[in-house]
Each structure stands twice: as structure tokens, then as C-alpha cells.
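This report goes through the fold, one helix pair and the cysteines of the structure shown below.

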Amino acid sequence: MQQKIVLIGGPGTGKSSVLKEFIKRGYECMPEISREVTLNAQKKGIDQLFLDQPLLFSQMLLEGREKQYIDATQSESEIIFFDRGVPDVHAYMNYLGTDYPKTYIEKSNQCTYDKVFMLAPWKEIYKSDNERYETFDQAVKIDRYLRETYIEVGYTIIDVPFGTVKERCDFILHSLTNNV
């Protein structure tokens with residue numbers, strides 16, 4: 001039986017680094033797609049699509065994450081890791097205070113994950129860049145909205161402790177094998 005494992009947390013918490021390590025270890029991983037959406041918009045002259053047109057940006061993310069989920073169900077991998085999940089989309093909309101269609105929550109209830117691991121904001125590793133424009137304080141706020149949203153949708157969140165990328169990956173795998 002396939003396990004779909006989602007890594008969540010505010011921007012700059014180390015999710016992508018953990019996923020890169022899982023890829024090195026031979027696991028199938030679904031990457032974060034917001035960077036791709038942002039870069040494509042910038043090529044069309046929209047500097048920050050998320051800020052300029054949050055509903056359009058979120059709709060594009062929702063479609064992309066749903067496609068990743070469907071692709072994963074067709075995979076023969078026993079474990080698939082996701083860099084963010086479908087509920088992240090409406091968590092960010094809640095953070096912005098932007099109304100969104102109820103289909104966002106419906107999609108979150110349709111595309112379910114077996115385990116949710118949360119990487120907390122960590123000032124020592126936080127960096128902003130061309131696609132990550134949030135300040136550390138904003139990342140902390142986003143983190144709260146993510147936690148609340150996943151709990152509202154019905155998930156139990158497993159907090160990943162700070163540590164090296166290897167230690168964080170080992171913690172997640174240990175939690176999976178010991179059914180934490």
C-alpha cells in the first residue's frame with residue numbers, strides 16, 4: 001500500500017533540502033511547484049503573481065498539486081514525498097485574508113495524505129531569494145496558518161525537530177517505520 005507523505009512549513013524551513021536528500025536516497029518526491037509558477041509569471045512581466053493576483057496564482061498551484069497527487073497514485077513507489085500539499089493553497093489564502101471557492105477545501109478532502117510532517121521556522125537557515133520574498137516574521141505567521149489549516153482538514157501533524165538534513169530525514173523515516 002502506497003504512503004503519500006507531505007512536508008509542510010512556512011517558507012525557508014528546509015523542506016526542499018530534505019526532499020533533495022530523499023531523492024538521493026532513492027525515494028520518489030513531488031517538488032514544490034510555486035517557484036515554477038512564479039518564474040513563469042516573471043517571464044510574462046508579473047513580478048510577484050502571488051501578490052498581484054493571489055486567486056489566479058492559487059488556482060494554478062491547486063491544479064499543479066492536484067496533478068502531482070494524481071501522478072503519485074499512478075506510481076508504483078511505496079512511499080512518495082510531497083513538498084507541500086493541496087491544503088497549503090487555502091492556508092496561504094487564509095494568511096492573505098483572500099476569499100476563495102469552496103472547491104479548494106473539497107480538493108483538500110479528496111487529495112489526502114497518509115502523514116503530515118511539519119518543519120518549523122528556523123531563523124538560522126532562513127534565506128529570502130527571487131521567488132521567496134517573505135520576511136522571517138511572515139514565514140512564522142504563514143507557519144501558523146498552515147498548522148491550523150491542516151488540523152482543520154483533519155490531519156495530525158508530526159513536528160520534525162531541528163537538525164542536519166540527514167537527521168531530519170532519519171527522523172521522518174523512523175516515524176514512518178515505527179508508525180508514529
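The sections below take these topics in turn.

## Overall fold

The model is predicted. Its secondary structure consists of 8 helices and 5 strands. Along the sequence these elements follow the order β-α-β-α-α-α-β-α-α-β-α-β-α.

The protein has 180 residues, of which 51% count as buried. Of the contacts between residues at least 6 apart in sequence, 77% join residues at least 24 apart.

## Helices α5 and α7

Helix α5 spans residues 87-96 and helix α7 spans residues 136-153. Their axes come within 8 Å and cross at roughly 125 degrees. That angle lies outside the range of 65 to 115 degrees for roughly perpendicular pairs and is not over 145, so the two helices are classed as oblique. The crossing of α5 with α7 is right-handed.

On the α5 side, the contact involves Pro87, Asp88, His90, Ala91, Tyr92, Asn94 and Tyr95. These meet Gln138, Lys141, Ile142, Tyr145, Leu146, Thr149, Tyr150 and Val153 in α7. By type, the residues of this contact divide into 9 nonpolar, 4 polar and 2 charged.

## Cysteines

The structure holds 0 disulfides. Why does cysteine 169 not bond to cysteine 29? The sulfur of cysteine 29 is the closest cysteine sulfur to that of cysteine 169, but the distance is 8.6 Å. A disulfide requires sulfur atoms within 2.5 Å, so this pair is too far apart for a bond.

Cysteine 169 has a relative accessible area of 0% and is therefore buried. Cysteine 111 also counts as buried, because its relative accessibility is 4% and the cut-off is under 20%.

Note on methods:
Residues are numbered from 1 along each chain as its sequence is written. This is a predicted model: local features need pLDDT of at least 70, side-chain atom pairs count only at pLDDT 80 or more; totals for chains, interfaces and linings use all residues. Side-chain values use heavy atoms; hydrogens and water are left out. Buried means under 20% relative accessible area, exposed over 50%, partly exposed in between (1.4 Å probe, protein chains only). Axes are lines fitted to C-alpha atoms, for helices over the stretch in contact, and angles run from 0 to 180 degrees between N-to-C directions. Helices (H or I, at least four residues) and strands (E, at least two) are DSSP runs, numbered from the N terminus. Angles under 35 degrees count as roughly parallel, over 145 as roughly antiparallel, 65 to 115 as roughly perpendicular and the rest as oblique. A crossing is left-handed if the near helix is turned anticlockwise from the far one by less than a right angle, and right-handed if clockwise. Contact means heavy atoms within 4.5 Å. Ala, Val, Leu, Ile, Met, Phe, Trp, Tyr, Cys and Pro count as nonpolar, Asp, Glu, Lys and Arg as charged, and the others, Gly among them, as polar.
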